[in-house]
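Please examine the following structure together with its sequence. The report below describes its annotated segment, its fold, its helices and its main pocket.

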Amino acid sequence: MEEAVKTIVTTFVSHAKGKENLKSGAFKKMVQQNFSSIMEDTDSSSAIKEMQQGLDANDDGEVSFQEYLTLIGYVANSMSKKVCDSYQVAAP
Ligand SMILES: [Ca+2]
């Protein structure tokens, strides 16, 4: 669990290059490198742009750590549904 949290933090920090926000290009790269297997449309620039705008709560054109956590929460939520479904299928 600790490792998972560390990965969430270091992924943001390394893509933001130590800054407080992910700019558009860095956000796109981060999504493509980390979420291409669990998210649809990561090869579409417009879909990523749309995702970024959806996360950008303060409308500054960049993704803060807090806004990034919204994405992690969203991904975790959709993953939990899949895990739940497969758990129920496996159970008698
Ligand atoms: Ca923002």
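Residues 43-78 are 69% helix and 6% strand, and the C-alpha atoms at the two ends of this segment lie 19 Å apart. Helices (H or I, at least four residues) and strands (E, at least two) are here DSSP runs, numbered from the N terminus. According to the UniProt record, an unreviewed entry, residues 43-78 carry the annotation "domain: EF-hand". UniProt positions are given in the numbering used here, feature names are shortened, and annotations may be inferred rather than shown by experiment.

The model is predicted, local features need pLDDT of at least 70, side-chain atom pairs count only at pLDDT 80 or more, and totals for chains, interfaces and linings use all residues. Residues are numbered from 1 along each chain as its sequence is written, and side-chain values use heavy atoms, with hydrogens and water left out.

**Overall fold**

The chain has 4 helices and 2 strands, which follow one another from the N terminus in the order α-β-α-α-β-α. The C-alpha trace spans about 50 × 30 × 25 Å along its principal axes. Of the 92 residues, 29% count as buried; buried means under 20% relative accessible area, exposed over 50%, and partly exposed in between (1.4 Å probe, protein chains only). Among contacts (heavy atoms within 4.5 Å) between residues at least 6 apart in sequence, 49% join residues at least 24 apart.

**Helix α3**

Which residues of α3 are buried? The buried residues of α3 are A47, I48, M51, Q52 and L55. They lie on the same side of α3, because they cover an arc of only 140° around the axis; the arc is that of the directions from the helix axis to the C-beta atoms. These buried residues of α3 pack against α2 (24-35), β2 (63-64) and α4. On the face of α3 turned away from the buried side are the exposed residues S46, E50, Q53 and G54.

Q52, in helix α3, counts as buried at 4% relative accessibility. Not counting residues up to four places away in sequence, Q52 touches S24, F27, G61, E62 and V63. Q52 and V31 are 21 residues apart in sequence, and their C-alpha atoms are 9.9 Å apart in space.

**The largest pocket**

Rolling a probe the size of a water molecule over the atoms shows where empty space is left. On a 1 Å grid over the protein atoms alone, a cavity is a set of points where a 1.4 Å probe fits but cannot get out, and a pocket is an open set with protein on both sides within 12 Å along at least five of seven lines; lining residues have an atom within 4 Å of a point. Grid points are joined across faces, edges and corners, and a volume is the space filled by probe spheres set on the points.

The largest pocket holds about 220 Å³ of space. Its lining consists of I38, M39, E40, A47, E50, M51, L71, Y74, V75 and S78. α3 (45-55) and α4 (65-90) each supply at least two residues of this lining, and α4 gives the most, with 4 residues. By class, 7 lining residues are nonpolar, 1 is polar and 2 are charged. In this classification Ala, Val, Leu, Ile, Met, Phe, Trp, Tyr, Cys and Pro count as nonpolar, Asp, Glu, Lys and Arg as charged, and the others, Gly among them, as polar.

V75, one of the lining residues, is found in helix α4 and is buried, with a relative accessible area of 10%. Leaving out residues up to four places away in sequence, V75 touches F35, I38 and M39. V75 and M39 are 36 residues apart in sequence, with 8.2 Å between their C-alpha atoms.

Helix α4 also contains Q88, which is exposed, with a relative accessible area of 56%. Q88 and M1 are 87 residues apart in sequence and 24 Å apart in space, C-alpha to C-alpha.

**Loop residues with positive phi**

The table lists two residues that have a positive phi although neither is a glycine.

| Residue | Phi | Loop | Relative accessibility |
|---|---|---|---|
| K17 | about 50° | between α1 (2-16) and β1 (21-22) | 68%, exposed |
| D59 | about 55° | between α3 and β2 | 68%, exposed |
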